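Good morning, colleagues. Please take a moment with the sequence and the structure on the screen, and then I shall go through several side-chain features.

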Amino acid sequence: MQRILFSTTTRLALLLSLAVCTSLPARAQEIPDLPPPGLKLPHVVLMSMGGTIASRGDTRLNITNYGGGGAMRVQPHEWLEDLPDVHQIARVTTDNVMRPEGSPPGSAISHWMTVARRIQEHVDNPEVDGVVLTHGTSAISNLSYFMNLVVDTKKPVVWVGAQRPWTGMSGDGPLNLYNAIRVAATPAAGGKGVLHATNQNIHASRDVMKMSAYRMETFQSVDLGVIGVADPDVVKFFSEPTRKHTYASEFKIKSLPEKLPAVEIVYAYPEAPGLLIDVMVENGAKGIIVDGTGAGSPAGGQNEAIKRAQAKGVVVVATARTRGGRVQETPRRTEAGIVPGDNFVPEKARTLLMLALTKTSDPKEIKRIFDEY
């Protein structure tokens with residue numbers, strides 16, 4: 001082996017350089033080491049309802065046409081095998097609560113209630129510190145809000161999804177799942193209602209909505225923004241929800257009937273006919289959400305159809321298709337007997353109205369519920 005010889009001057013220069021480097025402070029972005037595994041790590045239950053995060057593509061570049069049954073699904077234990085890093089932040093156990101393949105149409109809410117009961121079992125277990133659930137991004141914001149209203153707990157319950165399949169190039173699933181487990185393992189996440197954690201952001205389930213079909217920054221809370229972040233060094237909260245949820249809710253899963261009242265959604269647009277509202281009422285709708293124009297107004301023939309529906313005891317709630325801002329109580333709306341839907345998107349207003357109708361059909365009391373939740 002050839003030896004490299006340095007002059008005395010060169011050796012001194014190297015030693016001085018080394019001394020300077022070792023005395024410099026750590027870089028601002030340096031992340032502290034993760035804690036070692038141990039018996040005292042928080043216990044997080046990872047529940048799978050499937051979704052893109054639980055799907056495989058046939059190639060790494062297939063990020064839009066993926067999934068299916070069998071081998072194209074990622075099972076919960078496979079997440080943990082592919083993501084051993086989670087074992088340094090929590091003791092994770094899994095629970096597969098995916099909707100059975102071939103489930104009949106119209107059984108989604110029934111399955112939601114089944115999952116809610118299962119979540120309740122986990123959070124009632126004193127050995128469990130938090131719960132993470134996965135779901136497809138198309139309906140995750142509405143489903144998480146349903147759980148926000150019916151699960152009775154102060155423990156962290158965190159929903160997570162992905163815009164790209166688990167196998168996709170630059171997939172967001174692994175980091176999203178890792179961060180969701182971090183959030184669920186963080187005591188500060190407790191008591192804030194059901195949370196939604198993707199793209200390093202933490203949203204309140206009441207306010208978050210999907211805003212882009214494929215982009216990874218899809219989830220936004222338009223009016224109120226994020227309540228916290230899952231940064232590499234720490235999970236940090238900046239605010240918390242003020243509306244009723246989880247442990248303060250009057251719609252706890254243990255007290256709900258097996259079937260919820262039927263509530264439908266109709267979209268307002270110029271010359272919209274009233275016949276759709278009539279058909280909804282004829283087919284058993286007990287409540288109707290009108291996703292209104294401007295600040296939440298019905299249009300066309302919908303106004304007369306709303307009067308016919310109200311005469312049969314149907315409760316009508318108005319949301320605004322602008323997806324930002326509140327539907328306010330105005331003299332005209334009050335005279336029409338339409339309940340203002342606050343700043344809800346129509347599907348979340350439907351969820352709340354279904355639950356509210358298990359208690360009352362009085363529009364004044366329904367308005368109280370929309371003001372408080």
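Is W112 buried or exposed? The model is a predicted one, and in it W112 has a relative accessible area of 10%. Buried means under 20%, so W112 is buried.

Let me turn to the aromatic pairs. The model contains five aromatic pairs. One of them joins W112 to F146 in a tilted arrangement, with 5.5 Å from centre to centre and 55° between the planes. Because W112 belongs to helix α3, residues 108–124, and F146 to helix α4, residues 140–150, this pair ties together parts that are 34 residues apart in sequence. F146 has a relative accessible area of 0% and is therefore buried.

A further pair is formed by F344 and F370. Here the geometry is edge-to-face, with the centres 5.7 Å apart and an angle of 85° between the planes. This pair, too, links distant parts of the chain: F344 is in the loop between β14 (339–340) and α9 (346–356), while F370 is in helix α10 (residues 363–372), 26 residues apart. Both F344 and F370 are buried. With Y145, these two residues make up one aromatic cluster.

Rings also appear with charged partners. The charged end of K154 is placed over the ring of Y247, at 4.7 Å from the ring centre. K192, for its part, lies over the face of F237, and its distance from that ring centre is 4.7 Å.

I now move to the surface around helix α6. Which residues make the nonpolar surface patch of about 250 Å²? They are L275, L276 and V279. V279 is located in helix α6, which spans residues 275–282. Its relative accessibility is 40%, so V279 counts as partly exposed.

V279 also brings us to N283, whose side chain reaches the backbone oxygen of V279 at 2.8 Å. N283 itself is placed in the loop between α6 and β12 (287–292). With a relative accessibility of 62%, over the 50% cut-off, N283 counts as exposed. How far apart are N283 and A262 in space, C-alpha to C-alpha? The distance is 9.2 Å, with their positions 21 residues apart in sequence.

To close, I would set two sites side by side. At the first, buried W112 pairs with buried F146. At the second, partly exposed V279 offers its backbone oxygen to the side chain of N283, a residue that counts as exposed. Thank you for your attention.

Technical notes:
Residues are numbered from 1 along each chain as its sequence is written. This is a predicted model: local features need pLDDT of at least 70, side-chain atom pairs count only at pLDDT 80 or more; totals for chains, interfaces and linings use all residues. Side-chain values use heavy atoms; hydrogens and water are left out. Patches are made of residues with over 30% relative accessible area and no salt bridge: like charges are joined within 9 Å, nonpolar side chains (Val, Leu, Ile, Met, Phe, Trp, Tyr) within 5 Å. Accessible areas come from the Shrake-Rupley method with a 1.4 Å probe; for residues, only the protein chains shown count as cover. A salt bridge is a side-chain nitrogen of Lys or Arg within 4 Å of a carboxyl oxygen of Asp or Glu. Helices (H or I, at least four residues) and strands (E, at least two) are DSSP runs, numbered from the N terminus. Buried means under 20% relative accessible area, exposed over 50%, partly exposed in between (1.4 Å probe, protein chains only). A polar contact is a pair of N or O atoms within 3.5 Å; within protein, one must be able to donate a hydrogen and the other to accept it, and residues adjacent in sequence count only if both atoms are side-chain atoms. Rings of Phe, Tyr and Trp (its six-membered ring) pair if their centres lie within 6.5 Å; planes under 30 degrees apart count as stacked, over 60 as edge-to-face and the rest as tilted. A charge sits over a ring if NZ of Lys or CZ of Arg is within 6 Å of the ring centre and within 35 degrees of the ring normal.
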